[in-house]
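Work through the exercises below with the sequence and the model side by side. Try each task before you read its solution.

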Amino acid sequence: MERKLRVGILGATGMVGQRFITLLENHPWFEVSVVAASPGSAGKRYEEAVDGRWKMDVPIPESVRKMVLKNGADVEAVAAEADFVFSAVNMSKEAIYALEEAYAKAEVPVVSNNSAHRWTPDVPMIIPELNSEHIEVISDQRRRLGTKRGFIAVKPNCSIQSYTPALYALKEFGPKVVVATTYQAISGAGKTFRDWPEMIDNVIPYIGGEEEKSEQEPLKIWGQIRNGVIQKAEGPKITTQCIRIPISNGHTAAVFVSFEKKPTKEEIIDRWVNWKGAPQQLNLPSAPKQFIQYFQEDDRPQVRLDRDFENGMGISLGRLREDTVYDYYFVCLSHNTLSGAAGGAVLTAELLAAKGYIQPK
């Protein structure tokens, strides 16, 4: 790459925006050139805007600390300084939909962590190791938008990051019925224990809208491009419960599954640990060397021990057993703000750059 791509971050002061900023420090391909947030933060230095609410464990990178925030709604001003943008804004779904499309029509590619465009038929929703071929629908999206450079690509909900790869790696055996219960960290709500003390020693058995996303979004990941849109798969049939637990980072899932063609336990583990996707084949900068690891120990994976596997970009699985009702059940773990959110979006942008969809202006 002749020069680093200039990156804008929309929603730069929120938790996911902060994670983008830390991940992009010293990135070999990308550099943060502009940070943007709400009108109330616009005009402030970044360090001033996040004073008292910096949620990361590392300091604000010096390269961003003194940057002056722009109004994310000022598309022209942000677009002038960025080759592409990451979107992690906190607005209504309708407002996000319009804002991201405005950036795309201004010829700025958008890699979004928001949900607004996840069901737009010609917008790819990417887990890079699984469905990288879906980026090919971007040419159809550009025709609809009337753009040459601009487009939108999105990340799925962080809740599906752990169990969807585990099931996708077993597609040849035809997963047909899936029951998943997710145990989700408070950072998935953009919170820490400092600003959500009510979560200490507590469990909340409801996360608004999460179960619908967790049941439907994997089907778009499984889907196929037909007639210029991504048509979601008809199966497997997935039902979920999503529970908030007092963990800072790391989403766990307990999964039950039945197959059209029941594999052996050895076949399942083999497919998991040997799974490689486009990021590994292309040797992308943020790609985990091993995407999925499997633990033989009965007490793994554990959040504190295993959420940072492969710098938080890998998936950890364990406790694979035959079940008396379904064929098998097992436990999954992923880092929700790394592989499940900002890290996965950075990896998606690397994939898009490697394939020529994001280029310098």
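**Exercise 1. Find where helix α13 bends and by how much, and compare its length with that of a straight helix.**

Solution. In this predicted model, α13 bends by about 55° at glycine 344, where the bend at a residue is the angle between axes fitted to the seven residues ending there and the seven starting there. Helices (H or I, at least four residues) and strands (E, at least two) are DSSP runs, numbered from the N terminus. Next, take the length: α13 covers residues 338-354, which makes 17 residues, and the expected span of a helix is 1.5 Å times one less than its number of residues. A straight helix would therefore reach 24 Å, but the end C-alpha atoms of α13 are only 20 Å apart. Then consider the surroundings: 16 of the 17 residues of α13 are buried, so this helix is largely enclosed by the rest of the structure. Here buried means under 20% relative accessible area, exposed means over 50%, and partly exposed lies in between (1.4 Å probe, protein chains only). Finally, look just after α13, where glycine 356 takes a positive phi of about 85°.

Before going on, note how the values were obtained. Residues are numbered from 1 along each chain as its sequence is written, and side-chain values use heavy atoms, with hydrogens and water left out. Because this is a predicted model, local features need pLDDT of at least 70 and side-chain atom pairs count only at pLDDT 80 or more, while totals for chains, interfaces and linings use all residues.

**Exercise 2. Carry out the length check on helix α9, and say what covers its buried residues.**

Solution. Helix α9 runs over residues 210-221, and its 12 residues should span 16 Å at 1.5 Å a residue. The end C-alpha atoms of α9 are 17 Å apart, which agrees with that expectation. The buried residues of α9 include Glu210, Ser214, Leu219 and Ile221. Among the elements that cover the buried residues of α9 are α6 (128-131), α8 (163-168) and β10 (237-244), with contact meaning heavy atoms within 4.5 Å.

**Exercise 3. Place strand β4 in its sheet, and decide which of its faces are covered.**

Solution. Begin with the whole sheet, which is open, has 6 strands in the order β3-β2-β1-β4-β5-β6, and shows parallel pairing. β3 (70-71) and β6 (152-154) stand at the edges, each with a single partner strand, so one side of each is left without a neighbour in the sheet. Two strands pair if DSSP finds at least two bridges between them.

Now go to β4 (residues 84-87). With β1 (residues 5-10), β4 pairs in the parallel sense over 4 bridges, and isoleucine 9 has phenylalanine 86 as its bridge partner in β4. With β5 (residues 110-112), β4 pairs in the parallel sense over 3 bridges, and serine 87 stands opposite serine 112. Serine 112 also stands opposite valine 154 in β6, and 3 bridges join β5 to β6.

For the faces, recall that in a regular strand the side chains alternate between the two faces of the sheet. In β4, Phe84 and Phe86 lie on one side and Val85 and Ser87 on the other, and these residues are all buried, with both faces covered. The last step is the connection: β4, helix α5 (residues 93-105) and β5 make a right-handed β-α-β unit. A crossover is right-handed if, with the strands pointing away from the viewer, the path from the first strand over the helix to the second runs clockwise.

**Exercise 4. Explain why cysteine 158 and cysteine 242 form no bond.**

Solution. A disulfide is a pair of cysteine sulfur atoms within 2.5 Å. The sulfur of cysteine 158 is 9.4 Å from the closest cysteine sulfur, in cysteine 242, which is too far for a bond. The structure holds 0 disulfides. Cysteine 158 counts as buried at 13% relative accessibility, and cysteine 242 is buried with a relative accessible area of 0%.

**Exercise 5. Identify the unusual backbone angles in two loops.**

Solution. Most residues other than glycine have a negative phi, and most peptide bonds are trans. In the loop between α12 and β13 (315-322), glutamate 310 has a positive phi near 55° and is partly exposed at 22%. Asparagine 311 has a positive phi near 60° and is exposed, with a relative accessible area of 68%. The peptide bond from arginine 300 to proline 301 is cis, with omega near 5°, and proline 301 lies in the loop between β12 (292-295) and α12 (303-306).
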